[in-house]
Amino acid sequence: MVTPSKGLTGMSCPRCGKKTRITRSSEPTLGTFERERKCPDGHTFRTFEEVRTATLKEVGVRAGGDGAALPTVHPLSPARLQEELARAAFFSGVGDQLEIREITTEAVARILRGEGIRLQIADREEILAVRRSLRQVHPSVRFTVRDTDIIDLIDSVMEDHERLRMPRVLYALVFAGRNDREGRKGWDRAEQFLVWLHKSFQTLDQDIPLRVATPRALFWRIGTIAPDSYPSRVIKRRFSSKRGPAPSRNDSRIADFNFPQYERSVQRFLFARQDAARKAEGVIDFVLTSLAGQDVVTTSQLAFGTLAALRRVDEIAYLRAASTTKRFLDVSSVRDEAVGLLRHPSPRLEFRTKEEWQAGAASAGNDRKGARASTPVMSYLRL
Ligand SMILES: [Zn+2]
């Protein structure tokens with residue numbers, strides 16, 4: 001029961017016309033609700049009312065962290081949400097288009113009803129932001145939601161479905177953990193992911209071991225070899241989705257090495273990560289340089305090299321890549337992989353461009369700190 005308003009309301013009694021007061025009211029949670037009203041003369045009547053839901057056009061999404069000086073507001077877009085879910089589904093390999101549409105539809109419906117999410121009345125600044133971005137004189141946005149709240153809402157929609165456990169984890173690794181926005185913390189390391197994972201899946205072993213001291217960092221100069229030294233052909237093993245006899249020679253085929261495709265896959269693993277462009281460039285350069293001199297490589301060599309490099313560069317991107325490449329089907333495998341990062345951390349790998357490298361070497365003579373920063377590559381793996 002909602003506490004009835006004590007004062008006389010504007011609604012007048014249909015029999016005598018006097019102002020009435022609300023004596024009873026049902027919870028207005030399910031859209032429609034019922035109220036009982038009484039006038040001073042004791043006439044009683046009931047009204048059925050509906051909480052008005054917002055329309056798509058009226059809701060703006062406020063992006064970014066709190067640090068931004070000017071708010072960025074874009075209209076709520078189901079297509080955009082669907083795209084973001086598809087991005088996470090890419091890593092899980094299980095969410096199909098229909099499922100993604102269903103989650104989006106449910107999430108949008110909840111947003112419009114303000115269910116499990118706070119619809120705030122848009123303030124002047126936010127309306128101006130919409131006007132700027134849409135170039136509309138009179139934008140129809142009346143409410144705003146924070147994009148981080150939408151991420152939480154989608155998480156809770158997925159929480160209701162047992163079969164969406166893995167997609168839920170991968171969605172979190174992409175969006176809840178993103179650390180490329182100013183004013184938003186995100187996750188930098190495996191520990192932060194584990195805290196979220198344990199809170200979200202309480203049946204998992206909740207122990208987070210202490211991280212073993214990370215071995216010394218390795219510096220890599222990007223652009224050591226020319227692209228014409230990249231491998232030109234790749235042997236692909238065909239995977240069968242069903243368990244069967246061991247793969248024979250016929251299960252392999254040879255294809256041209258597709259650099260743009262490889263580049264895209266590394267960039268996807270690093271999507272929404274801090275410094276993503278440099279990290280992707282560095283990982284690709286590191287892996288392909290390690291393969292130089294091998295004209296024919298296998299997809300396993302590429303996968304191994306990429307995982308090894310990502311593990312040194314960005315733990316959250318690594319967990320996405322490991323879950324996909326190793327085809328994890330259950331959440332505990334991701335947990336084990338994250339715990340492995342604490343028990344057996346890889347040496348950090350940091351990238352320098354040719355110019356940065358030279359600047360470091362120039363200052364090395366008169367500055368000890370500079371000397372350390374310009375420590376040449378000690379070794380790298382031949383993959
Ligand atoms: Zn009356």
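A residue is taken as buried if 20 or more other C-beta atoms lie within 10 Å of its own, with C-beta atoms placed from the backbone. By that yardstick, and bearing in mind that the model is predicted, helix α5 is a good place to start. It spans residues 165-176 and is mostly covered, with eleven of its twelve residues buried. The buried set is made up of Met-166, Pro-167, Arg-168, Val-169, Leu-170, Tyr-171, Ala-172, Leu-173, Val-174, Phe-175 and Ala-176. For the protein as a whole, 27% of the 383 residues count as buried.

Stepping back to the overall layout, the secondary structure adds up to 13 helices and 13 strands. Among contacts with a sequence separation of 6 or more, 59% are between residues 24 or more positions apart.

One piece of that layout is an open sheet of three strands, ordered β11-β10-β12 and mixed in its pairing. The edges are taken by β11 (252-256) and β12 (296-298); each has a single partner strand, so one side of each is left without a neighbour in the sheet. On average, and ignoring direction, neighbouring strands here are turned by 30° against each other. Strand β10 (residues 233-237) runs parallel to β12, and three bridges join the two. Val-234 has Val-297 of β12 as its bridge partner. Helix α9, covering residues 299-313, lies across β10 and β12 and runs at about 70° to β12.

The loop leading into this sheet deserves a quick look too. Asp-228 sits between β9 (218-221) and β10, in the loop that links them. With 6 C-beta neighbours inside 10 Å, Asp-228 counts as exposed, because the cut-off for that class is 12 or fewer. Along the chain, Asp-228 and Ala-292 are 64 residues apart, yet their C-alpha atoms are separated by 9.4 Å.

Then there are the helix pairs. Two packed helices are described by the angle between their axes and the distance between the axes. For helix α7 (residues 259-269) and helix α8 (residues 276-290), the angle is about 130° and the axes are 9 Å apart. Angles over 145 degrees would count as roughly antiparallel and those from 65 to 115 as roughly perpendicular, and α7 and α8 are therefore oblique to each other. The crossing of α7 past α8 is right-handed. On the α7 side the contact involves Glu-263, Val-266 and Gln-267, which meet Ala-280, Val-283 and Ile-284 of α8. Sorted by character, the residues of this contact come to four nonpolar, one polar and one charged.

Further along the chain, helix α10 (residues 315-325) packs with helix α11 (residues 331-343) at an angle of about 140°, their axes being 10 Å apart. Here too the description follows from the angle: α10 and α11 are therefore oblique to each other. As for handedness, α10 passes α11 in a right-handed crossing. Glu-315, Leu-319, Ala-322 and Ser-323 make the contact from α10, while α11 brings in Val-334, Glu-337, Ala-338 and Leu-341. This contact between α10 and α11 divides into five nonpolar residues, one polar and two charged. As a general point on spacing, an α-helix has 3.6 residues a turn, so residues three or four places apart point the same way.

Key. Residues numbered from 1 in each chain as written. Predicted model: local features only at pLDDT ≥ 70, side-chain atom pairs only at ≥ 80, totals over all residues. Axes fitted to C-alpha atoms, helices over the stretch in contact; angles between N-to-C directions. Helix = DSSP H or I, 4+ residues; strand = E, 2+ residues; numbered from the N terminus. Parallel < 35°, antiparallel > 145°, perpendicular 65-115°, else oblique. Left-handed = near helix turned anticlockwise from the far one by under 90°. Contact = placed C-beta atoms within 7 Å. Nonpolar A, V, L, I, M, F, W, Y, C, P; charged D, E, K, R; others polar. Pairing = 2+ DSSP bridges.
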